[in-house]
Amino acid sequence: GIFYEVPINFVWGIKDVDRSLADQTILSDFGSPIYADLDISDENAEPIQLYLIDFCEEISGLVFEDSNFFLEGKFSCFMQGFRDHRLATNQSFPVQTHFVNTICEWSQTSYNFNNDLRNTEIDCIYNEDEDIYSIRWFHIWGSSFLSNGEAESRSRVIYDELQDIVGELKARSDIPDALTDFYQTSAQWISMETQSELVRSALYGIIFSISFVFIVLLVSTFDIVITVFAIFSISGVVCTIVAAMVLMQWKLGVIESICTAILAGLSVDYIVHLANAYRECKVNIDDVPEENMKSIRYIKAQTALEELGISVISAAITTGLSSVLLFFTTILFFVKFGIFVAFAVVSSTLWAFFFFMGLLFLAGPENDRFNILYQLKKRMQIH
């Protein structure tokens, strides 16, 4: 289902992730973080604290599309929690001395001041030999109004706007040097890029498969007219299935991207048999009775249907019935794939028998005029 309140994180101290040793077969193996050197000391402690307070107040008040970007009560800033704790216990803020030790000890305590996740927001490392803490990384986050089912186009607009805001915050004159290297991140941006890549993969898959089908049909029939008619028919099948996916409100995911990529190859089967049957049919007009005189293309198309029509329909029925069994499985991939195959078989059959054969009846080649192999042989004989 759709989950709202997608978190947005602003991160300091982690500059990259080393995935060289990560096992890609294990989903939980993300690799090892590469930490930046956060130079936080008593010398720059005060401007760091004040900047982070200003940062949190500015970010938490972001407005997009006339509404607050972060949901009310869903913005977590450890520095605000630290400040409120200090003031509530009659202690000074900002902390002037031993800042790192003070905030790290606070983050490890059970004291709660509207900040349940403080120990996950700031990562402190304790050096037992020197009895001091150091801050390895920290982040500030909030739950946004975005959903994990957000369209790629809308997510892209919001991502770009957030990137511009981060750039403006980095360019502020009062930002301490230790805090200049930060970024915003979210699982939503991974989903956004995944959606974009799935769309590209589906389009490239369709273009490549139809191009490959064109070559196969041309080599199979050696007739440019038949090949073009077949490509028109296959393109119609692709458009029909994509339209059916839209009507069924399928979102473009991994399953749908795979289906669209193999669609052209799946739909060419019925058309290529009829195309070859039409191409191989030899008609001697002298053998046709005068009372039953018809065009050569009409006789060739009729013969193709008589010879292979029942075989093509039988193949479509067996494939379609096999896909129906997948409707009753419990795994979503198999259910959707079964629906896709069933629709593809029905659509391919209808386009093959009505549109493709209709084109052959009306304008199919009657001789070898558009036959590439015949024309090449003819030219070779001339030369």
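In the predicted model, the lining of the largest pocket comprises 20 residues, and those placed nearest its centre are Val-17, Arg-19, Tyr-183, Thr-185 and Ile-190. The space within this pocket amounts to about 730 Å³. Several secondary-structure elements contribute to the lining of the largest pocket: at least two residues each are supplied by strands E1 (7-12), E2 (14-18), E8 (132-144) and E9 (182-185), and by helix H6 (187-221). Of the contributions to this lining, that of H6 is the largest share, at five residues. In chemical character, the lining of the largest pocket consists of twelve nonpolar, five polar and three charged residues.

An enclosed space was also identified. The structure holds one cavity of 30 Å³ or more, and the volume of the largest cavity is about 30 Å³. Helices H7 and H10 (332-363) are the elements that give two or more residues to the lining of this cavity. The lining residues are Ile-241, Ala-244, Met-245, Met-248, Trp-250, Ile-339, Phe-340 and Phe-343. All eight residues of this lining are nonpolar, with no polar and no charged residue among them. The lining of the largest pocket, by contrast, includes five polar and three charged residues.

On the surface, a nonpolar patch is formed by Ile-215, Val-219, Phe-222, Ile-224, Val-228, Phe-232, Phe-355, Phe-370, Ile-372, Leu-373 and Leu-376, which together present about 880 Å² of accessible area. Two or more residues of the nonpolar patch come from each of H6, helix H7 (224-247) and helix H11 (372-382). Helix H6 thus appears both in the lining of the largest pocket and in the nonpolar patch, while H7 appears in the patch and in the lining of the largest cavity. One of the patch residues, Leu-373, is located in helix H11. Leu-373 is classed as partly exposed because its relative accessibility is 34%, a value between the limits of 20% and 50% that bound this class.

A further residue considered was Gln-91, which is situated in the loop that connects helix H2 (78-88) and helix H3 (99-108). The relative accessible area of Gln-91 is 33%, and this residue is therefore partly exposed. Between Gln-91 and Asn-276, the separation in sequence is 185 residues, and the C-alpha to C-alpha distance in space is 89 Å.

Note on methods:
Residues numbered from 1 in each chain as written. Predicted model: local features only at pLDDT ≥ 70, side-chain atom pairs only at ≥ 80, totals over all residues. Heavy atoms only, no water. 1 Å grid on protein atoms, 1.4 Å probe; cavity = no way out; pocket = protein on both sides within 12 Å on 5 of 7 lines; lining within 4 Å. Points joined across faces, edges and corners; volume = space filled by probe spheres on them. Helix = DSSP H or I, 4+ residues; strand = E, 2+ residues; numbered from the N terminus. Nonpolar A, V, L, I, M, F, W, Y, C, P; charged D, E, K, R; others polar. Patch = residues over 30% accessible without salt bridge, like charges linked within 9 Å, V, L, I, M, F, W, Y side chains within 5 Å. Areas by Shrake-Rupley, 256 points an atom, 1.4 Å probe, with all protein chains shown as cover. Salt bridge = Lys/Arg side-chain N within 4 Å of Asp/Glu carboxyl O. Buried < 20%, exposed > 50% of the residue type's maximum accessible area, 1.4 Å probe, protein only.
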